[in-house]
Structure formats: C-alpha cells, structure tokens
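Reader: Could you walk me through some of the labels used for this model?

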Amino acid sequence: MKRWMLPVIALLTSVAVVLSGCSGAGEADPDPSASDFRTIRIGKGISHESEVVAYLYAGVLSHAGYKTEVVDSPDSRTDYVNQMARGDENSVDVTPDYSGNLLLDLTDGGAKNPQATATPTASESDANDPRASMTPSTTPTPSPAFNIHGMSSSDISSTLPKVLPEGVTTFNTATAENKDALVVNQITAAKYKLSTIDDLAAHCKELKFGVPSGFKDKAYGSKGLQSLYGCEPGSYQEEDDQEKLSGQLADGSVGVADLFTASAAVKDNGYVVLEDPKANFIAQQVVPVARSKELPSPAKNAINDLSGKLGTGDLEFLNRLTTGDRPISAKDAARFWLKENDS
C-alpha cells in the first residue's frame with residue numbers, strides 16, 4: 001500500500017484544506033426553457049480524468065435545468081470528432097478533452113498546417129484556354145509543418161477551432177492542466193544528478209522508460225526526445241495504468257516514467273518532475289469540444305463558467321478521490337466537488 005493512501009472519509013473531511021486555494025464552482029443560473037430541450041449527451045472522453053470532468057459538465061447543466069446523459073466516447077479523438085461533425089445518432093453534444101493532444105491528433109503531430117489555404121493555380125490545359133485567367137482552377141497549397149512545440153497554451157486553444165471539422169468547435173479552455181512529464185524517483189535523480197531533461201539526455205540509453213501505449217509514436221515521444229534533447233531511451237515498457245506505472249517507478253522496474261502532472265502519485269511519492277526547457281511536452285488544458293450549433297447559449301454559458309473555475313489543483317484532488325485503494329466513482333467525486341464549491 002502506498003504511504004499516502006488514506007480512507008476516503010479522511011480525504012473528504014480535509015477537503016477544505018485541499019481546496020483552500022480554489023474558487024467556487026459558481027454554477028450558472030437555471031434556464032427557464034431548459035426543460036423543453038432534449039437530453040444533452042456528454043461524452044466521457046478518452047481518459048480517466050476526462051470522465052470525471054464529464055460528470056462535472058453534467059452537474060452544472062443539471063443545475064441549469066437540463067436533462068443530461070453521460071455516455072462512453074469512442075477511443076479515438078478523430079472518431080468522436082467525426083461523429084460529432086456528422087451528427088450521428090450516437091454522437092455526443094459535448095465532451096472534455098486535453099487541448100494539446102487534441103491538436104496533435106487532428107494535425108498528425110503538426111504535419112498538417114491548419115493555416116494553409118487553397119490558392120488558384122492554372123493547369124496545363126488552362127494554359128491554352130483564354131478563359132483560364134477568368135476562371136482559374138483551385139488546388140491546395142502544400143501544407144508545411146508547423147511548430148506545435150513552439151506554441152503557447154493560448155496559441156493551442158485559439159488554433160483548435162481552425163482544425164476541427166465544420167459543425168464542431170470548442171468552448172472556453174480551463175486553466176486546469178494535466179500534461180505529460182518525464183518523472184524519476186529520488187534515488188535516480190540523486191544518482192545521475194537530474195533536474196531537467198537536458199540532464200537526463202546523457203543517460204537515456206542506460207534507462208528503461210515506462211510510458212503509456214502509443215507514446216513512442218507521439219510527436220513528443222521518441223521523435224521529440226531525440227530531436228530536441230538527443231535522448232534515446234535504452235528501452236521502453238508500455239503501461240496505460242498510471243498507478244501501476246507509478247509503482248514500477250517506485251520499485252525501480254523503470255528508471256523514467258511518463259506520468260501526468262495532475263496525478264496525486266507524483267507529489268505523494270516525492271517524485272522529481274524533470275523540467276522541460278525546450279517544451280517537448282506541450283500544454284494540455286481541459287477544453288470542452290462541442291457540436292457548434294446544438295447547445296443553447298445558457299448551456300454553453302454553464303460549461304464556460306465551470307471552465308473558468310476549474311484549476312489544476314482541482315484535477316489533482318479529483319484524481320486522488322478516484323484512484324488508490326479506496327476510490328469513489330467519477331460521478332460521486334464530481335458531485336462532491338460541485339457541492340463543496342457551490343457559492
């Protein structure tokens with residue numbers, strides 16, 4: 001048993017201390033016409049953390065008078081986004097996601113530039129057609145890669161609506177962030193004198209990296225670590241369960257782990273989060289992805305109001321409640337957070 005794990009009751013009684021720096025949820029006023037609107041379908045997203053946020057969305061929408069249903073989402077971002085764009089029967093109206101990963105997945109890691117536009121070009125047959133200058137054919141301009149790693153959190157948020165398909169948009173991005181980070185235990189940090197990924201680079205080949213599935217193929221995976229830091233891990237061990245991955249880091253089964261920064265295990269185990277001066281790991285803020293013309297303005301305002309109050313500390317607290325030896329459900333954790341933050 002990890003030394004930090006406490007009974008859930010103890011966690012709940014100490015919530016005032018944990019959330020002392022957090023603002024109230026400030027739920028939006030009820031919408032008098034909400035009862036006439038159909039049931040709003042909210043996707044759980046593709047991660048454990050996004051499921052909890054989905055229930056937060058359901059809570060504030062219910063408070064505003066709407067009927068809600070929290071449902072499973074496709075495992076792929078492109079799948080759920082395309083479903084929303086088509087308006088499929090099983091598509092959701094809104095789902096929480098992480099801004100950076102959404103941008104990476106929708107642009108093939110930055111290979112497709114959302115700023116590229118189509119420009120008129122004359123074909124070979126047009127050259128002999130006197131009408132060509134009047135009606136030039138239109139072909140896409142080659143789409144050069146763009147530097148996602150150089151983008152700020154606000155750049156990412158403002159770019160997302162440009163790469164989403166027609167009919168899909170984003171609402172206000174929360175300050176709450178849960179990004180990837182390379183993490184080591186205290187023993188490894190002391191042995192190799194590590195505080196940054198630059199420090200790690202010279203020792204990467206000596207260490208096994210514990211990572212979620214697909215990490216190696218991400219823009220911030222093998223390619224990013226090699227191009228930005230010259231880091232080539234000795235080997236990889238894939239593990240999608242963050243608690244198990246934390247355990248492997250603790251017992252030395254892996255030397256470096258890709259853990260999420262809002263994971264309670266990072267602080268509770270005293271892990272060292274390696275600084276990332278070259279921004280390999282981009283911003284990952286919670287962002288609502290929605291069908292652009294489906295939700296009434298009061299529903300959108302309720303979600304935006306929640307986004308304005310949701311911070312990284314809240315994600316860490318909710319993660320603590322829903323993981324460990326005595327976890328509570330995502331629905332119960334969201335209900336508790338909303339109750340404690342209702343002001």
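Author: Here are a few words on the model, then the labels one by one. This is a predicted model, where local features need pLDDT of at least 70, side-chain atom pairs count only at pLDDT 80 or more, and totals for chains, interfaces and linings use all residues. Residues are numbered from 1 along each chain as its sequence is written, and side-chain values use heavy atoms, leaving out hydrogens and water.

Reader: What makes Phe 209 and Tyr 236 an edge-to-face aromatic pair?

Author: Rings of Phe, Tyr and Trp (its six-membered ring) pair if their centres lie within 6.5 Å; planes under 30 degrees apart are stacked, over 60 edge-to-face, the rest tilted. Phe 209 and Tyr 236 sit 6.2 Å centre to centre with 70 degrees between the planes, so edge-to-face it is. Phe 209 is in strand β8 and Tyr 236 in strand β9, 27 residues apart.

Reader: Why is Phe 209 called buried?

Author: Buried means under 20% relative accessible area, exposed over 50%, partly exposed in between (1.4 Å probe, protein chains only). Phe 209 has 1%, so buried fits. Tyr 236, at 23%, therefore counts as partly exposed.

Reader: And why is the pair of Tyr 220 and Phe 281 called tilted?

Author: The ring centres of Tyr 220 and Phe 281 are 5.5 Å apart and the planes are at 50 degrees, so the pair is tilted. Tyr 220 and Phe 281 lie 61 residues apart in the chain, and both are buried.

Reader: How do you know that Asp 240 is exposed?

Author: Asp 240 has 52% relative accessibility, so it counts as exposed. You'll find Asp 240 in the loop between β9 and α10.

Terms used. Helices (H or I, at least four residues) and strands (E, at least two) are DSSP runs, numbered from the N terminus.
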